[in-house]
Amino acid sequence: MRVVIYLGGFMYNSANEFSYAIGESMMKNGIDVKYVDLLSENRGELLNNAFSEKVDFVLSFNGIGCDIKIGHESLYNELNIPFVYYLLDHPSHHKGRLMVPINKKIIICLDNSHADYVEMHPEITGITTFIPTAARYEGSNYLNTEKKYDIVFTGYLKTQEELDKLFPQSMIDVKKYLDNLVLHKRDIYIDQDVINMVKSIPDLNYVYETTYFDMDSLINQCDFYVRGVKRNFVIEELLKRGLTIDFYGAISNSHEFLNYPNLHNNGMVDYKDLDNVYAEAKIALNIMPNFPEGGHDRLFMSMVHGAIPLTDCNVYLEQKIPQGLIYFNYPHVEETILEINKVINDDDYRKTLQVANYNEVIENHTWINRLSELLYVYKESVAYWKDMEK
């Protein structure tokens, strides 16, 4: 089997790391993998070499390269090759790519609710399924690593003022609605919640019903806003209670969190170096993007490197990882704080959770596990297409 995996052109460098990780898993299983960096100066030569022999399928995180053509025809239609989209966030962010006319299309979503979104949009054709991300495992001495940090958080932080700029003043009711979601609703299904929001705000509903209304753009804005508000809310609650957070990522110089002496701003860190950060942390704060029915790579990565995840809860995590995590309970913050302090101060308790988390990831959440799921979907799709061609 030969697989082409695309690199480059991503909004975040984690995607290239995922590409290499799943590619390595393929090669360990005897699959011939050809990487094509679509930002390379010799992109054309790389593509020609990659497709010089029969290719079983193309894998692309977020669907980059889906629009490559031979003349006026899709490369993948011309060569009769399945194209696999592995979407790293809500499908509404990638709807344009998803609608590119490719005959054999497989759409993989990181969250089960994202797959539901795709299937509710008939203009997006293809076989859709749910496969979360995973941890890249290269051996770990996590139990012997000295813990320098009580809590680490990696990502970006926006000020409330920066988040407010996503919406004009006339949409103040939208922000109020979304703020209320963050504080009172555990499982936020951003596409459905935004539709419900539009229906509940008379002026917005009138515009939606009487004019052309770009619901996907609104979903994307709300997705970004909710993610930022959740992060600020959780981190502020922890800082106010005197807990120390080591922050790695991007933050505005005007962010009020920088005034807290217990927030240590360590600047940016490359994604490939996160495993070292997690190995030195007792707790890794993972504030989920809008994944109400899925996992997240930072969560799995911290688990396999010995940091106990402090994360918001969802249906998938409850079912798949029943122990070993600290769930941030929004209405009952004090209960969460007690558990955090126990993990920080009780070494034996923390090591019990570390062992459980490590074993859980090694058994169920590595890229080898995901490759098995991907190949099953691919084989079932090929069988389906053959039946359709009869």
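Visitor: Which residue is the bridge partner of Tyr-149 in E12?

Guide: That's Ala-281. Keep in mind that we're looking at a predicted model. Tyr-149 belongs to strand E9, residues 149-157, and Ala-281 to strand E12, residues 281-286.

Visitor: What makes E9 and E12 a pair?

Guide: Pairing takes at least two bridges between the strands. E9 and E12 have 4, in the parallel sense, so they qualify as paired.

Visitor: How do you know that E9 pairs with E10?

Guide: By the bridges again: 7 of them join E9 to E10 (residues 245-251), and the two strands run parallel. One of the links is between Ile-151 and its partner Ile-245 in E10. Helix H10, residues 215-240, packs on the sheet here. H10 touches E9, E10, E11, E12 and E13, with its direction at about 155° to that of E9.

Visitor: And which strand lies beyond E12 in the sheet order?

Guide: E13: the order is E11-E10-E9-E12-E13-E14, an open sheet of 6 strands with parallel pairing. E12 and E13 share 4 bridges, and Leu-285 has Leu-310 as its bridge partner in E13.

Visitor: Why are E11 and E14 called edge strands?

Guide: Because E11 (263-265) and E14 (326-327) each have a single partner strand, one side of each is left without a neighbour in the sheet.

Visitor: What makes you call E12 mostly covered?

Guide: A count does it: 6 of its 6 residues are buried.

Visitor: Why does Asn-62 count as buried?

Guide: Its relative accessibility is 3%, and the cut-off is under 20%, so Asn-62 is buried. Asn-62 sits in the loop between strand E3 (57-61) and strand E4 (69-70), and has a positive phi of about 65° although it isn't a glycine.

Visitor: Is Asn-80 buried, exposed or partly exposed, and why?

Guide: At 47%, Asn-80 falls between the 20% and 50% limits, so it's partly exposed. Asn-80 also has a positive phi, near 55°, and lies in the loop between helix H3 (75-78) and strand E6 (83-87).

Visitor: How do you know that Asp-89 has no salt bridge?

Guide: The nearest side chain of opposite charge, Arg-227, is 5.3 Å away. A salt bridge has to be within 4 Å, so this pair doesn't make one. Asp-89 is buried all the same, in the loop between E6 and helix H4 (95-98).

Visitor: Which side chain does the side chain of Asp-89 make a polar contact with?

Guide: The side chain of His-94, at 2.4 Å. The limit is 3.5 Å, so the distance fits.

Definitions and conventions. Residues numbered from 1 in each chain as written. Predicted model: local features only at pLDDT ≥ 70, side-chain atom pairs only at ≥ 80, totals over all residues. Heavy atoms only, no water. Buried < 20%, exposed > 50% of the residue type's maximum accessible area, 1.4 Å probe, protein only. Lys, Arg positive; Asp, Glu negative; His and termini not counted. Polar contact = N/O pair within 3.5 Å; in protein donor to acceptor, adjacent residues only side chain to side chain. Contact = heavy atoms within 4.5 Å. Axes fitted to C-alpha atoms, helices over the stretch in contact; angles between N-to-C directions.
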